[in-house]
Amino acid sequence: MILSIESSCDDSAIAITEIATCKLLFHKKISQELEHSVYGGVVPELASRLHAEALPRILELCRPYFSELKAVAVTSTPGLAVTLVEGVTMAKAISIALKIPIIGVNHLKGHIYSLFIEKETQFPLTVLLVSGGHTQVIQAKSFEEMKVVASTSDDSFGESFDKVAKMMNLGYPGGPVIEKLALDGDRKRYPFTIPLHQSPLIAFSYSGLKNAVRLAVLEGTEEDYKDIAASFEHIAVAHLIQKLKKYFKTNPPKHFAIVGGASANLYLREQIKTLLQPFGATLLLSELKYCSDNAAMIGRVAVEMYNKKMFTPHDALHVSSRSEL
Ligand code: KG4
Ligand code: ZN
């Protein structure tokens, strides 16, 4: 079995995965959303302290599995340095105490492998990764061959939802609240401009849309929030769809996946389904409970890395914000 730890942002999570079958034997996550909500975003120092409390509490529950562990896996990049270090330090301690190797896992690969929890892998895939930290299109041919073909030059898709929610004093994380508010709103009332619509580049940008929404919030009243949320969500998704359509002209998809915390957005899922129809492409999605950060996805990557003997020496296990796959 492999014990995996995730602490890249505001979720403390540990999982136990059986190597031979990929079966998830244990998974527990303690989320810090409530604590960060008053600030309208994640406060790194607070997140770090909360991980230091939560991770040992979860680890205590894993004691019965200790004698069966063959490796300990941990998210080492990308993420907040002060929170990653909590998981990495715990992994090093476990590695020394139980005399087992460490597997340092890339968080973004984790999101891609959230598609394969308790399942076989499936490649090649075109992946849209939408989270709080990233907005990327990735061509994933295999575990080793993953290439980022488009990314954002400023805010990410999920982050723009967080910031819009903050403008409306709706707490953190913004994705689920904005999605809910938008359900009763008029998507056409605010004709925000689709970012980069005149640019030939296949790239994303959310800062301009965020500022347009800020003006609408300032000029409007709370009565208008649902229409602003609906119009914002509509344009935020239209931007992804427009750029994907452009990309598909030269790279038609066969198997497409949406991963990351924001892949839980049902409006986005619907629009992507419609986009894929003419191509007859299949759509892969993670289970809703594994879209946001979790340790099960880190464990699933770790099984792959364990079988390839991809262990990380203690002195080479560094935390970083580098997102190279
Ligand atoms: O993957 P994740 O848990 O953490 C990162 O790796 O960043 O993603 C969290 C992000 C947050 O920005 C959150 O607001 C967004 O995903 N999110 C959503 C939805 N649910 C979560 N964004 C839009 N619609 C949602 N339903
Ligand atoms: Zn994530």
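Visitor: How much area is buried between domain 1 and domain 2?
Guide: In this predicted model, about 1,700 Å² is buried between domain 1 and domain 2. Carbon and sulfur atoms give 74% of that area.

Visitor: Which residues of domain 1 lose the most area to domain 2?
Guide: They are Leu108, Ile112 and Leu115, which together account for 34% of what the domain 1 side buries.

Visitor: Where does each domain lie along the protein chain?
Guide: Domain 1 is made of two segments, 2-115 and 292-316, while domain 2 covers 122-285. Taken over C-alpha atoms, the centres of domain 1 and domain 2 are 27 Å apart.

Visitor: And how many residues are in contact?
Guide: On the domain 1 side there are 22, and they are in contact with 21 residues of domain 2.

Visitor: Let us turn to charges. How many salt bridges are there between the domains?
Guide: The count between domain 1 and domain 2 is one. Glutamate 144 forms a salt bridge with lysine 308, and their closest N and O atoms are 3.1 Å apart.

Visitor: What about residue pairs in polar contact, how many are there?
Guide: Between domain 1 and domain 2 there are four such pairs, with both residues at pLDDT 80 or more.

Visitor: Which elements give two or more residues to the domain 1 side?
Guide: Helix 1 (33-37), helix 4 (107-113) and helix 10 (296-307) do so on the side that touches domain 2. Helix 4 gives the most, with five residues.

Visitor: What classes of residue make up that side?
Guide: The side of domain 1 that touches domain 2 has 10 nonpolar, seven polar and five charged residues.

Note on methods: Residues numbered from 1 in each chain as written. Chains lettered and ligands numbered in written order. Predicted model: local features only at pLDDT ≥ 70, side-chain atom pairs only at ≥ 80, totals over all residues. Heavy atoms only, no water. Domains from an automatic or database assignment. Contact = heavy atoms within 4.5 Å. Buried area = accessible area lost by both parts, 1.4 Å probe. Salt bridge = Lys/Arg side-chain N within 4 Å of Asp/Glu carboxyl O. Polar contact = N/O pair within 3.5 Å; in protein donor to acceptor, adjacent residues only side chain to side chain. Helix = DSSP H or I, 4+ residues; strand = E, 2+ residues; numbered from the N terminus. Nonpolar A, V, L, I, M, F, W, Y, C, P; charged D, E, K, R; others polar.
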